[in-house]
Each structure stands twice: as C-alpha cells, then as structure tokens.
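Work through the exercises below with the model open. Try each task before reading its solution.

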Amino acid sequence: MSTKVSLQRTLGLSLTIGIIVLWLLGVAAAGLVARYKMNDVFDSALEETAQRILPLAVTEILNRENDTGPQRAPMLKAHDEYLTYLVRKPSGEILLQSHDVEPELFSPLPREGFSDTATHRFYGASAVSGTIYIEVAEPLAHRRAAVLETSLALLIPLLLLIPVSLLGVWWLIRRSLRRVVMLQQSIEARGGGDLSSVYVARLPQEFEPVVNAVNHLLERLRRTLEAERSFTANSAHELRTPLASALAKLQRLQAKTQDEQVRVQAEEIEGSLRTLARLSEKLLELAKAEGGSALAENDTDLVPILRMIVSDYQHKASGHLKLDVPDTPVMSLLDSDAFAILIRNLIDNALKHGARQQPITISLTDKGVLRVVNAGEVVPPEKLALVRRRFVRSDTKSLGSGIGLAIVDAIASGAGIELSLRSPASGQRDGFEAELNIVVTRTDS
Ligand SMILES: Nc1ncnc2c1ncn2[C@@H]1O[C@H](COP(=O)(O)OP(=O)(O)OP(=O)(O)O)[C@@H](O)[C@H]1O
Ligand SMILES: [Mg+2]
C-alpha cells in the first residue's frame with residue numbers, strides 16, 4: 001500500500017468537509033434563531049387574534065335574547081383553521097366556539113395568558129370583569145413545520161457548495177503547485193554538467209527553505225567535483241614530464257646495452273611506462289570532458305574532422321575501417337576537439353575489443369546520427385549497463401583501464417547528447433554498437 005499522501009486530495013477533502021460542517025453548524029444556529037424569532041411573531045399573532053375576537057364575541061353573547069347555549073361561529077368559506085378558539089364562562093361552560101375547534105384540547109377551566117400542551121400553544125384573555133374568557137389555540141406542528149422549512153431552505157445551497165468547493169480547492173492547489181513542479185523539473189535537470197543554482201520565479205514562500213537547501217547542496221557538490229577534477233587533471237599533467245623523461249632514459253639504456261636479458265626487461269618496463277602514460281592522458285581527457293560543456297561558440301561541419309580521424313586510423317588498421325558519410329555538411333555546436341576525442345575513443349574500442357580481421361563500420365547520416373559498429377563477442381546486458389562508468393571493463397583480455405567510454409559519456413552529456421550502447425549490434429547476432437546524434441543546435445532564441 002502506498003504511504004504517499006496527495007496534498008491535493010487531502011486539502012480538497014478536508015477543506016470541503018470543513019466547509020460542510022461549518023455550513024451545517026451555521027444552518028443549525030440560524031434554525032435556532034429563526035425558531036426563537038418565529039415564536040415571538042406567532043405568539044404576538046395569537047395574542048392579537050384573541051384581543052380582536054374577544055370584543056366581538058362579548059357583543060354577540062350579550063346581544064343574545066335568551067340563553068341559547070353554546071354556539072358555533074359560522075364558516076364563511078371552507079378553509080383550514082390554524083387558529084381555533086373557545087369563548088367560555090369561568091366555570092368552563094362554552095359560549096362560543098370556532099367551527100373546527102376540538103374542545104377536549106383545552107383545559108377544563110379557562111386560563112389567562114400563554115400556556116402549552118404537547119401539541120398546542122394557547123393564549124387566554126378575559127372580559128366583562130372576568131365573566132367571559134376567550135382562549136385561542138394554535139397547533140405547535142404548524143410552528144415546527146415553518147422552522148423546518150426555513151432550515152431546509154438554508155441547506156439547499158450546500159448541494160451546490162460541495163462540488164463548487166471541491167473544484168475550487170482542486171483548481172487552486174493545482175495552480176499553486178505549478179511552481180513547485182517547475183522547481184522539481186529544475187532540480188531534475190541538474191547533473192554533473194550543470195550544477196548552477198536552482199531558481200523558480202514566484203515560488204510559494206514555504207518552499208524557500210527547500211530551494212536554499214538544494215542550492216547549498218549544489219554549491220558543495222560543485223566545489224567537491226571541481227576539486228576532484230582539478231586534482232585528476234593536475235596529477236595527470238604532472239605525471240607527463242617524469243614519464244616522458246623515464247621513457248627517454250629507458251630508450252637510451254636499450255640502445256646502449258648488449259645484454260639480451262636487460263633489453264627484454266627494459267622492453268617490459270617500457271610497456272608499463274607507456275600504459276601509465278596512456279592512462280594519464282586518458283585521465284586528463286576525462287577531467288577536461290567532465291569539467292567543460294563540450295559546446296563551441298559557433299557550429300562547425302563535423303564531416304571533414306571525421307574523415308581525417310578515420311583516414312588516420314586506416315593507415316594503422318590496414319583497411320578494416322569502413323567510413324560512410326553524407327555528401328552534405330553536418331553542422332553542429334559540438335566542440336571539434338571534444339568530437340575528435342569522442343570518435344577516437346570509440347574507434348580505439350572497436351579496434352581493441354572487436355573481432356580481429358572483421359570490418360569496423362563508422363557511419364554518419366545527414367541527420368547527424370553517428371554509429372560505430374564492430375563484430376565480436378556479445379557484452380552481457382548487466383555489463384553493458386555499467387561499461388560507461390569509470391574503470392569498468394568487461395573484456396579483461398585486452399589492455400585498458402576502463403575510462404574510454406566514461407570520456408565519451410562525459411562529452412555526450414556535457415553537450416546534451418544521448419549515448420546508446422548496444423550489444424549485439426542492431427540487425428546482427430554479435431558485436432557492439434555505439435550510437436549518438438552529434439547534431440547540437442542552439443536552444444535559446
Ligand atoms: N567496441 C566494443 N566492442 C566490444 N566491447 C566493448 C567495445 N567498447 C567497449 N567495450 C567494452 O566496454 C568496456 C569499457 O570500455 P572503455 O573504453 O571504457 O574501457 P577500455 O577500452 O577497456 O579501456 P580504455 O578505454 O581506458 O583504454 C571495455 O572493457 C569492453 O569490455
Ligand atoms: Mg576504451
């Protein structure tokens with residue numbers, strides 16, 4: 001199960017739930033206030049009704065010619081009666097009643113003022129020195145329904161509010177996180193060739209410590225790498241002169257000696273010194289490749305450079321090298337010295353690790369795709385994945401230190417080029433193939 005939490009999801013859900021809960025609390029509070037205020041209004045209406053009916057009822061009762069007993073007020077038009085009333089004597093005897101009244105709801109003896117039962121609210125008033133009472137009853141259900149309707153009306157906007165708030169929060173967070181995604185991409189783009197400070201305009205303030213920490217780390221990394229590169233470059237450079245002078249002295253010794261054994265030993269030492277010299281040259285190349293950007297100010301045609309290097313090798317490798325280049329120029333910003341180092345390393349490898357007497361094909365298309373293909377044993381995939389690292393070798397039979405492909409990779413990544421290594425070579429059952437597109441163009445306008 002993933003333990004990662006989506007900020008967008010968490011904030012979206014919790015803010016929406018928060019809004020719903022607050023709204024419900026608001027509706028409940030509004031319902032309570034509405035009930036309180038409505039009760040006031042209903043009570044006042046109840047009292048007013050009693051005060052209005054009482055004088056009319058008294059006049060009607062006093063004008064009766066004889067005691068005609070309880071009478072029901074005539075209904076002028078069919079309607080539901082919300083307010084019902086009884087006009088009674090203090091003894092409880094009914095003198096007049098509204099047409100829908102249920103007398104059993106009222107207390108046996110009339111009372112003045114407000115009173116409640118479980119279902120009704122009453123208001124009583126008296127006239128003619130307390131000899132005639134009127135009581136008006138109102139069902140409580142009527143009041144409850146009014147409060148409920150008001151509260152429900154307040155709940156309806158919530159149905160709209162939930163999707164709107166979910167969408168709003170989602171959109172807002174997405175908008176705010178856009179800058180964070182830019183920050184992530186900017187950090188991701190950094191590599192050995194680019195360790196410049198990360199900067200994203202209008203980044204949320206909360207991410208400033210992260211940017212500061214990343215820049216701090218990049219600065220330390222830059223200093224460490226610079227120290228490492230300058231150490232490698234300086235050591236390789238310093239080794240050149242003593243190595244050259246040791247070789248010269250050894251050759252003088254070989255020329256002078258008549259002793260066959262000394263000559264053989266001197267040859268072995270010479271071999272070791274040459275390996276050491278090659279290693280120091282390669283280390284210098286690697287330090288340069290890793291330190292620079294491998295791009296030139298202006299673009300150059302790389303075809304003549306490739307032709308020259310290959311013909312140079314053709315003299316040494318007695319016609320094994322096949323060159324296939326376009327007639328049109330292949331212009332690139334790739335530095336010509338860097339390109340020469342890159343192609344030399346690839347050809348060296350093909351000559352050294354490829355099958356002897358088998359042709360080596362070097363091809364460049366007009367689109368700039370450069371391929372160096374040789375026959376030979378397949379490099380196992382797990383090794384192939386590692387050979388571009390420094391000092392990693394798959395073939396231990398040939399001489400070498402495992403730096404060639406690291407140099408090629410450093411030049412390629414310094415120029416923003418992708419290097420692909422394949423074994424077996426494409427379309428074949430064995431061999432090795434190195435492929436890269438050497439056309440680099442200016443990306444800024
Ligand atoms: N053209 C090739 N054909 C077969 N194997 C290759 C080829 N190029 C590279 N490899 C394998 O990749 C390994 C690494 O190559 P890399 O050029 O880095 O080192 P190297 O050639 O062994 O030594 P160096 O280049 O430092 O003299 C080699 O040891 C070899 O096993
Ligand atoms: Mg090599």
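**Exercise 1. Decide whether R202 is buried or exposed, and place it in the chain.**

Step 1. R202 has a relative accessible area of 67%, so it is exposed. The classes are buried under 20%, exposed over 50% and partly exposed in between, with a 1.4 Å probe and protein chains only.
Step 2. R202 lies in the loop between α2 and α3 (208-256). Helices (H or I, at least four residues) and strands (E, at least two) are DSSP runs, numbered from the N terminus.
Step 3. The phi of R202 is near 50°, a positive value in a residue other than glycine.

Ground rules: this is a predicted model, where local features need pLDDT of at least 70, side-chain atom pairs count only at pLDDT 80 or more, and totals for chains, interfaces and linings use all residues. Residues are numbered from 1 along each chain as its sequence is written, chains are lettered from A and ligands numbered from 1 in the order in which they are written, and side-chain values use heavy atoms, without hydrogens and water.

**Exercise 2. Find the loop that holds S129, and state its exposure.**

Step 1. S129 sits between β5 (120-127) and β6 (132-139).
Step 2. Its relative accessibility is 79%, so S129 counts as exposed.
Step 3. The phi of S129 is near 55°, again positive in a residue other than glycine.

**Exercise 3. Describe the surroundings of S165.**

Step 1. S165 belongs to helix α2 (residues 140-189).
Step 2. Its relative accessible area is 10%, so S165 is buried.
Step 3. S165 touches T16 and I19, leaving out residues up to four places away in sequence. Contact means heavy atoms within 4.5 Å.

**Exercise 4. Locate the bend in α1.**

Step 1. Helix α1 covers residues 7-62, 56 residues in total.
Step 2. From first C-alpha to last, α1 reaches 81 Å, close to the 82 Å expected at 1.5 Å a residue. That expectation is 1.5 Å times one less than the number of residues.
Step 3. The bend is about 25° at L54, and P55 follows within four residues. The angle is taken between axes fitted to the seven residues ending there and the seven starting there.

**Exercise 5. Identify the bond between S423 and P424.**

Step 1. A cis peptide bond joins the pair, with omega about 0°.
Step 2. P424 falls in the loop between β12 (419-422) and β13 (432-437).
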